[in-house]
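Reader: I've got this model open on my screen and I'd like to look closely at a single part of it. Could you take one strand and walk me through its surroundings?

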Amino acid sequence: MSNFSWQGASGRWFEFDVAKAARAWDPVGGLYMFVKPQDPSLDWGGPICLFLAKTNDFSVTLARHDMWQAAENLGAREIHLFEVRDPARRAEIERDILEAQAPILNRQLRRVA
């Protein structure tokens, strides 16, 4: 597994583990992203965060996620994971990264609600 760092609106960086295939997820809490990987044929880089959320248990949430298909349709091929055991800290980091990255699927969810 490799790593990728994402920047929040605060300017802080957070290092996520990169999973490129389905696997047995750990039963711990944290943040996860559905990510479209970098396209080497394009100059502007990447990767692109398509969806970001928090969970109390990766093993339950990621076993069958209802947003994965939408993300996959937009080019997601990776899941980025950041373990954060404290729920308050998890929510704080989620807000920070959402503000900076503005994932398209999170924006669409807010419009519907």
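**A close look at strand β3**

Author: Sure, and keep in mind that this is a predicted model. Let's take β3, which covers residues 30–36. This strand is mostly covered, with six of its seven residues buried.

Now for its neighbours. β3 pairs with β4 (residues 48–55) in the antiparallel sense, over seven bridges. β3 is also joined to β5 (residues 78–83), again antiparallel, by six bridges. If you want landmarks, Y32 has A53 as its bridge partner in β4, while F34 stands opposite I79 in β5.

Those two aromatics are worth clicking on. The largest nonpolar core has 16 residues, and Y32, F34 and L62 touch the most other members. β3, β4 and β5 each supply at least two residues of this core, with β4 giving the most, three residues. Zoom in on Y32 and, leaving aside residues up to four places away in sequence, you'll find it touching F51, L52, A53, K54 and T55, then F58, T61, L62 and H65, and finally I79, H80 and L81.

Apart from that core lies another one, of twelve residues, including L31 along with W6, F82 and V84. As background, side chains in a regular strand alternate between the two faces of the sheet.

One last stop, away from the strand: M67 is in the loop between α1 (58–61) and α2 (68–73). M67 counts as buried because its relative accessibility is 13%, under the 20% cut-off. M67 and L105 are 38 residues apart in sequence, yet their C-alpha atoms are 8.1 Å apart in space.

Key: Residues numbered from 1 in each chain as written. Predicted model: local features only at pLDDT ≥ 70, side-chain atom pairs only at ≥ 80, totals over all residues. Heavy atoms only, no water. Buried < 20%, exposed > 50% of the residue type's maximum accessible area, 1.4 Å probe, protein only. Helix = DSSP H or I, 4+ residues; strand = E, 2+ residues; numbered from the N terminus. Pairing = 2+ DSSP bridges. Core = buried A, V, L, I, M, F, W, Y, C linked by side-chain atoms within 4.5 Å. Contact = heavy atoms within 4.5 Å.
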